[in-house]
Structure formats: C-alpha cells, structure tokens
Amino acid sequence: MDSIFNFAIERDEDEFTTSKKDVLKFLKIIGVDTRFVSYTAEKIYINNLRFSKFSRKRQSTFNKEYPGIEVVRNSLFQKICSKSSKVLADEIKPNNTILIPENNDLIEIILEPYTRKYGVKLVYGGSYDLIVNPIILDSKVNSIFSDIFKGNGLTFSNKTNEIYPLINVPLNWINSFLEMDGKKIIETKDYDDLSTSFMEFLEDVAPQYRENVLKAYEYIEKELEVE
C-alpha cells in the first residue's frame with residue numbers, strides 16, 4: 001500500500017499547491033478520509049482519528065509535503081466533534097446551505113467537514129436552509145434554571161430551521177480546547193447569578209447534572225409537541 005502512495009506522490013509532486021483543493025487531494029492520495037478532518041489554511045484538525053485513518057505515518061508523509069500546515073491530533077477536540085455529530089447527523093440534509101456566525105472559529109472548524117460529508121455550503125449571509133445557533137450546554141442549562149427561578153417555568157423557543165452544534169458540549173471542554181489552540185475563550189458574563197451559583201453547587205454533588213437537565217428539558221418539549 002505504501003508503494004502505491006509513494007508512486008502517486010512522486011507522479012504528482014510538482015502539481016500540489018497550498019490551495020485547499022490540492023491539500024485535500026494530497027490527503028486523499030495518502031489514504032486519509034477527508035470527511036473526518038477539518039481544513040484550515042494553517043491547520044488540519046482530526047475530527048475522528050479512527051475514521052479519518054490519519055495515522056502518524058500518514059502525518060509524516062503529509063508534513064513532508066506541507067511543512068507549514070500543522071496537524072492537530074487533539075483528543076478533546078475529537079470528543080467535541082463526537083458530541084456535535086450526534087446533533088448534526090439528525091439535522092443536516094445533503095446540499096443544505098447553512099448560515100454560520102462570523103468570528104466563531106470553533107463552529108466553522110466543526111462544520112467544515114460537512115461540506116464533503118453532505119455537500120453543504122457554509123455562508124455568512126444571504127439565503128439559507130439552516131441557521132447555526134452557537135449556544136453551548138452550560139448556557140442552555142443556565143437559561144433553563146434562570147427561567148425557573150424567575151417563575152417563568154420552562155420556555156421553548158427552538159426554531160425548526162436552527163441547528164445546535166454545541167448544545168451537548170460543556171463550557172470547560174470548549175475553553176480548554178480553545179486555550180490549547182491559541183484562541184479566545186468563551187466568557188460567561190451574561191449568565192444569571194443565581195443560576196450560576198446553583199450550577200456550581202450541583203457541580204460538586206452531581207457532575208453530570210448538565211446533561212441530565214438538558215435531557216429532561218428535551219423530553220418535556222417533545223411530550224408537549226405530541227399533545
């Protein structure tokens with residue numbers, strides 16, 4: 001198998017540029033499944049190590065051709081992508097146009113492989129089929145508690161054309177990855193103080209409470225829809 005890769009690389013050696021098309025083409029030649037990596041001009045992020053088949057040997061071959069592009073083998077990022085995929089797989093349809101928020105690198109990195117998986121188009125404006133809501137797990141749970149403490153009960157405002165890539169991802173995962181990747185972390189200045197204090201208490205007694213609160217919220221929402 002390696003001899004086949006070497007032959008292809010030698011044959012096309014002078015044809016590869018640093019364009020996105022050529023970088024992805026090279027990855028395919030050396031045996032990487034590009035549906036499970038995210039492309040940026042400076043870095044290639046591995047979303048799923050097993051499915052991408054991006055071995056250390058393949059990385060070495062890639063780095064020889066593209067020494068200026070870093071390969072990010074971050075296990076925390078892969079966990080974030082795994083959480084996101086469980087939501088996105090049910091919501092995204094082939095060839096959808098998806099409106100994404102500007103200045104949110106993480107959202108764009110997570111969704112970039114779907115341009116190959118499903119042939120989607122990512123846009124910052126204009127017409128679209130789906131719009132990304134960047135709310136994260138902690139923000140959603142804080143909002144749920146805030147509504148309850150204010151006497152509003154549970155409120156449901158999800159729109160049919162919205163998708164939530166980070167709804168199952170906790171803040172500490174996101175900020176830990178962003179910090180490791182040299183990006184700006186997410187601040188929580190708009191959180192309700194009472195809800196924040198209650199969440200801090202629950203963190204000590206039931207670390208999985210966020211996921212359980214969200215599951216209960218989603219269950220009630222579905223039951224109300226049935227009625």
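**Entry 1: the β1/β2 pair.** I started with β1 and strand β2 (residues 43-46), which pair in the antiparallel sense over 3 bridges. Worth jotting down at once: this is a predicted model. I then looked at what links the two strands and found that β1 and β2 form a hairpin, with 3 residues between them.

**Entry 2: who faces whom.** Which residue is the bridge partner of Ser38 in β2? I get Tyr45. For Val37, the residue standing opposite in β2 is Ile46.

**Entry 3: the other side of β2.** Next I went to β3. Here the pairing with β2 is in the parallel sense, again with 3 bridges. Tyr45 turns up once more, standing opposite Val72 in β3. So my notes on Tyr45 now hold two partners, Ser38 and Val72.

**Entry 4: the whole sheet.** I put the strands together: the order is β1-β2-β3, and these 3 strands make an open sheet with mixed pairing. The edge strands are β1 (37-39) and β3 (70-72), each of which pairs on one side only. I also pulled the twist: on average, neighbouring strands of this sheet are turned by 20° against each other, direction ignored.

**Entry 5: burial around β2.** Are the faces of β2 covered or open? Both are covered. I find Lys43 and Tyr45 buried on one side, and Ile44 and Ile46 buried on the other. A reminder to myself on the pattern: side chains in a regular strand alternate between the two faces of the sheet. I had to look twice at the lysine, but Lys43 does count as buried here.

**Entry 6: a helix over the strands.** I looked for what lies across β1 and β2, and helix α2 (residues 20-29) does. Helix α2 runs at about 155° to β1.

**Entry 7: stepping back.** I finished with the whole protein. I count 11 helices and 7 strands in the secondary structure. The C-alpha atoms fill a box of roughly 70 × 40 × 30 Å along the principal axes. Of the 227 residues, 43% count as buried.

How much of the contact list comes from residues 24 or more positions apart? My note says 69% of the contacts with a separation of 6 or more.

For the surface, I have an accessible area of about 13,000 Å², with 50% of that belonging to carbon and sulfur atoms. Last, the charges: there are 30 positive and 36 negative ones, and their mean positions are 6 Å apart.

Methods
Residues numbered from 1 in each chain as written. Predicted model: local features only at pLDDT ≥ 70, side-chain atom pairs only at ≥ 80, totals over all residues. Heavy atoms only, no water. Pairing = 2+ DSSP bridges. Helix = DSSP H or I, 4+ residues; strand = E, 2+ residues; numbered from the N terminus. Axes fitted to C-alpha atoms, helices over the stretch in contact; angles between N-to-C directions. Contact = heavy atoms within 4.5 Å. Buried < 20%, exposed > 50% of the residue type's maximum accessible area, 1.4 Å probe, protein only. Areas by Shrake-Rupley, 256 points an atom, 1.4 Å probe, with all protein chains shown as cover. Lys, Arg positive; Asp, Glu negative; His and termini not counted. Charge placed at Lys NZ, Arg CZ, Asp CG, Glu CD.
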